[in-house]
Amino acid sequence: MRVETQAPETRIKLLEGRMTSAEERITTHGKEIDALTEQQVRTQERDAFRDKQMASVESKVDRIDGKLDLMAAKPAEKWDKATWVVVGVIITAVLTAALSRIGF
């Protein structure tokens, strides 16, 4: 039976039923949208906090890396100095030996 051929009271009842169903769905979807919006806000806050923490960690890692480079360079500096001292001693010994043979 078509809606147009039904009595006005029946049509009104059908429309009221559809309206009630639509309002319930709209209310349910509205709550879902509100919950998703709230979740998105919390996610953005956590992301901002995480980004801030990661920037702090990155900064600390960079500082530690710089310190490690300095620490690694210090033994190299010591070995370089020791090498020059040894080379200087050898050169001095060779020159001294050469000069002593010459008679100086």
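**Exercise 1. Which side chain meets Asp-51 in a salt bridge?**

Before solving, note the ground rules. The model is predicted, local features need pLDDT of at least 70, side-chain atom pairs count only at pLDDT 80 or more, and totals for chains, interfaces and linings use all residues. Residues are numbered from 1 along each chain as its sequence is written, and side-chain values use heavy atoms, with hydrogens and water left out.

*Solution.*
- Step 1. Fix the criterion: a side-chain nitrogen of Lys or Arg must lie within 4 Å of a carboxyl oxygen of Asp or Glu.
- Step 2. Apply it to Asp-51. Its partner is Arg-50, at 3.3 Å from N to O.
- Step 3. Look for further partners of Arg-50. Asp-47 also bridges to Arg-50, with the closest N and O atoms 2.9 Å apart.
- Step 4. Join the pairs. Asp-47, Arg-50 and Asp-51 make up a network of salt bridges.

**Exercise 2. Place the Arg-50 network in the helix and grade its exposure.**

*Solution.*
- Step 1. Locate the pair. Arg-50 and Asp-47 both belong to helix α1, three residues apart, or about one turn of the helix. Helices here are DSSP runs (H or I, at least four residues; strands are E, at least two), numbered from the N terminus.
- Step 2. Set the exposure classes: buried is under 20% relative accessible area, exposed is over 50%, and partly exposed is in between (1.4 Å probe, protein chains only).
- Step 3. Grade each residue. Arg-50 has a relative accessible area of 43%, so it is partly exposed. Asp-47 is at 30%, so it is partly exposed. Asp-51 is at 46%, so it is partly exposed.

**Exercise 3. How many salt bridges does the structure hold, and which residue pairs with Glu-38?**

*Solution.*
- Step 1. Count. The structure holds three salt bridges.
- Step 2. Find the Glu-38 pair. Arg-42 is the partner, with the closest N and O atoms 2.9 Å apart.
- Step 3. Check the spacing. Both residues lie in α1, four residues apart, about one turn of the helix.
- Step 4. Grade Arg-42. Its relative accessible area is 38%, so Arg-42 is partly exposed.

**Exercise 4. How far does α1 reach from its first C-alpha to its last?**

*Solution.*
- Step 1. Take the limits. Helix α1 covers residues 8-102.
- Step 2. Read the span. α1 has 95 residues and reaches 136 Å.
- Step 3. Compare with expectation, which is 1.5 Å times one less than the number of residues. The span is close to the expected 141 Å.
- Step 4. Test two C-alpha pairs. Ala-93 and Arg-50 are 43 residues apart along the chain and separated by 64 Å. Leu-36 and Ser-56 are 20 residues apart in sequence and 30 Å apart in space.
- Step 5. Look past the end. Just after α1, Gly-103 has a positive phi of about 120 degrees.

**Exercise 5. Which residues form the nonpolar patch, and which gather in the patch of negative charge?**

*Solution.*
- Step 1. Set the rule. Patch residues have over 30% relative accessible area and no salt bridge; like charges are joined within 9 Å, nonpolar side chains (Val, Leu, Ile, Met, Phe, Trp, Tyr) within 5 Å.
- Step 2. List the nonpolar members: Trp-84, Val-87, Ile-91, Leu-95, Leu-99 and Ile-102. Together they have about 630 Å² of accessible area, from the Shrake-Rupley method with a 1.4 Å probe.
- Step 3. Grade one member. Ile-102 is at 62% relative accessibility, so Ile-102 counts as exposed.
- Step 4. List the negative members: Glu-58, Asp-62, Asp-65 and Asp-69.
- Step 5. Place Asp-65. Asp-65 is in helix α1. At 42% relative accessible area, Asp-65 is partly exposed.

Note on methods. Lys and Arg count as positive and Asp and Glu as negative; His and the chain ends are not counted. The place of a charge is taken as NZ of Lys, CZ of Arg, CG of Asp or CD of Glu.
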